[in-house]
Amino acid sequence: MPVLDFLRLNPTDSIVILTGAGISQESGLDTFRCAGGIWSKVDLEDVATPRGFARNPDLVHRFYNDRRRGLLDPAIQPNAAHAALAALERGWRGSVTLVTQNIDDLHERAGSAGPIHMHGELLKAVCQRCHAVSDCRDDLSVHDLCLSCGRKGGLRPDVVWFGEMPYHMDRIQAALEDCDLFLSIGTSGHVYPAAGFVAEAGANGAVTVELNLDPSEGVSRFDRAIQGPATALVPALVAELLAL
Ligand code: APR
């Protein structure tokens with residue numbers, strides 16, 4: 001499957017990768033908008049907005065506590081796509097910037113050095129009173145004390161909700177300005193600003209490639225779009241890149 005036959009890439013070129021829930025689907029984590037996905041079971045307004053948290057923090061904590069316990073289930077492991085991206089980071093002579101919309105830690109567990117979690121991390125908590133961020137591998141509740149400021153009731157998952165500004169946008173914009181290849185993997189292209197990255201990269205001269213189970217909402221903006229499961233497409237693409 002010569003994906004990159006049309007590319008004039010040099011092994012020292014810069015690569016920016018954006019991943020979404022689809023890259024973790026074959027590890028056993030639900031996506032959001034596929035059939036039976038997370039947003040078909042719960043209203044995002046109730047569990048993924050500041051208003052929802054203010055209205056019913058217990059419901060929001062239950063939602064993320066369930067997902068955190070699910071992620072920490074030993075059956076949930078990184079898959080071949082996560083591993084291939086980590087191998088690309090190690091073997092590529094140019095820069096590789098991995099940006100993920102995912103709040104799981106499967107990229108890290110596969111060996112990626114430091115994915116940019118633009119939507120935050122499920123295994124972290126933030127205090128709304130003092131803004132301290134802490135590791136969080138247990139259930140959270142409104143009764144928990146912040147270990148930094150000692151106050152109760154302010155802890156929330158360190159996850160970016162709808163209506164909030166994604167994290168690390170300066171770093172992401174700088175990477176998009178300088179990239180030669182933009183890869184989008186396992187995302188529906190439904191949520192901005194991530195859905196706009198392909199246009200920014202393309203405007204800066206990057207070649208843009210989408211690897212997704214189905215054509216995303218932004219598929220027409222890509223130079224090349226390949227449909228299939230991430231665990232098949234990503235290792236094949238990485239093998240081609242590392243053979244350049
Ligand atoms: N391999 C490759 N792609 C897959 C696979 C797979 N095994 N399974 C599903 N996909 C694709 C689907 O075709 C879909 O386009 O992954 C995409 C998942 O889309 P969404 O469920 O919308 O997830 P995502 O794009 O990551 O959502 C973006 O929306 O709700 C917010 O904050 C949430 O970060 C999330 C953001």
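In this predicted model, a backbone N or O atom of Q101 sits 3.2 Å from an oxygen atom of the ligand. Two side chains also reach ligand oxygen atoms. For S188, an N or O atom in the side chain is 2.6 Å from an oxygen atom of the ligand, and for R33 a polar side-chain atom is found 2.7 Å from a ligand oxygen atom. As for how well the ligand is covered, it would expose 740 Å² if taken alone, and the protein buries 95% of that.

Now for the rest of the ligand's surroundings. There are 23 residues around the ligand, and the ones that come nearest are Q25, F32, R33, T187 and S188. R33 and S188, then, turn up both in this nearest group and in the polar pairs described above. Sorted by type, the shell around the ligand is a mix: 11 of its residues are polar, 9 are nonpolar and 3 are charged.

Away from the ligand, the next thing to look at is the nonpolar core. The largest one is made up of 24 residues, and I15, I17, V234 and L241 have the most contacts inside it. Both strands and helices feed into this core: β1 (15-19), β2 (96-100), β7 (181-185) and β8 (207-212) each give two or more residues, as do α5 (80-91) and α9 (230-242). The top contributor is α9, with 6 residues.

V234 gives a feel for how these pieces meet. Setting aside neighbours within four places in sequence, V234 is in contact with A81, A84 and L85, and also with I185 and L211.

Conventions
Residues are numbered from 1 along each chain as its sequence is written. This is a predicted model: local features need pLDDT of at least 70, side-chain atom pairs count only at pLDDT 80 or more; totals for chains, interfaces and linings use all residues. Side-chain values use heavy atoms; hydrogens and water are left out. A nonpolar core is a set of buried Ala, Val, Leu, Ile, Met, Phe, Trp, Tyr and Cys residues joined through side-chain atoms within 4.5 Å. Buried means under 20% relative accessible area, exposed over 50%, partly exposed in between (1.4 Å probe, protein chains only). Helices (H or I, at least four residues) and strands (E, at least two) are DSSP runs, numbered from the N terminus. Contact means heavy atoms within 4.5 Å. A residue is near a molecule or strand if one of its heavy atoms lies within 4 Å of it. A polar contact is a pair of N or O atoms within 3.5 Å; within protein, one must be able to donate a hydrogen and the other to accept it, and residues adjacent in sequence count only if both atoms are side-chain atoms. Accessible areas come from the Shrake-Rupley method with a 1.4 Å probe; for residues, only the protein chains shown count as cover. Ala, Val, Leu, Ile, Met, Phe, Trp, Tyr, Cys and Pro count as nonpolar, Asp, Glu, Lys and Arg as charged, and the others, Gly among them, as polar.
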